[in-house]
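Hello,

Here is the structure I promised to pass on, with a few notes to help you find your way around. Please have a look at it first and then read on.

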Amino acid sequence: MDRTYLIDDEEREVGPEPLPPRVTDVRALPNHRLRLAFSTGEVRDYDVTPWLERGIFERLRDPALFEQVYLDGGTAAWPGGLDIGPRTLYEGSVYVREATAVEL
């Protein structure tokens with residue numbers, strides 16, 4: 001659904017928000033961080049620590065469970081139905097470098 005917004009004192013129609021980049025590879029790093037490759041060709045690191053105080057995500061404090069991260073539908077997921085959406089991962093991550101042919 002397109003919407004009209006007031007931008008710089010001018011009304012503009014804006015289409016739906018674009019889809020976030022998809023996660024194409026994921027690996028657990030020490031200290032509850034993730035190394036992520038995105039469909040943009042970027043490699044980025046994401047700190048999961050703030051999530052460890054949020055309800056079901058408290059389970060990820062267990063390093064053995066945290067290290068079981070896997071790719072599921074374009075995002076990072078863990079056993080037991082835990083996942084963090086790709087937009088959150090992308091926008092909250094720190095750029096590391098461009099991806100290479102042999103990644104992560």
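Which residue in β4 stands opposite Val 23? Phe 38 does. Please keep in mind that this is a predicted model.

That pair is a good way into the four-stranded sheet. The sheet is open, and its strands run in the order β3-β4-β5-β9 with antiparallel pairing. At its edges are β3, residues 23-29, and β9, residues 94-98, each of which pairs on one side only. On average, neighbouring strands here are turned by 25° against each other, ignoring direction. Between β3 and β4 (residues 33-38), the antiparallel pairing extends over six bridges.

Now to the other sheet. Three strands make up this open sheet, in the order β6-β7-β8, and they too pair in the antiparallel sense. Why is one side of β6 and of β8 left without a neighbour in the sheet? Both stand at the edges, β6 at 70-72 and β8 at 82-84, and each has a single partner strand, so one side stays without a neighbour. The average turn between neighbouring strands of this sheet is 40°, again with direction ignored.

If you would like a spot to zoom in on, try β7, which covers residues 75-78 and pairs with β8 over three bridges in the antiparallel sense. There you will find Ala 76 opposite Ile 84 of β8.

As general background, the strands of a sheet pair through backbone hydrogen bonds, in either a parallel or an antiparallel way.

Enjoy exploring, and write back with any questions.

Best wishes

How values were computed. Residues are numbered from 1 along each chain as its sequence is written. This is a predicted model: local features need pLDDT of at least 70, side-chain atom pairs count only at pLDDT 80 or more; totals for chains, interfaces and linings use all residues. Side-chain values use heavy atoms; hydrogens and water are left out. Two strands pair if DSSP finds at least two bridges between them. Helices (H or I, at least four residues) and strands (E, at least two) are DSSP runs, numbered from the N terminus. Axes are lines fitted to C-alpha atoms, for helices over the stretch in contact, and angles run from 0 to 180 degrees between N-to-C directions.
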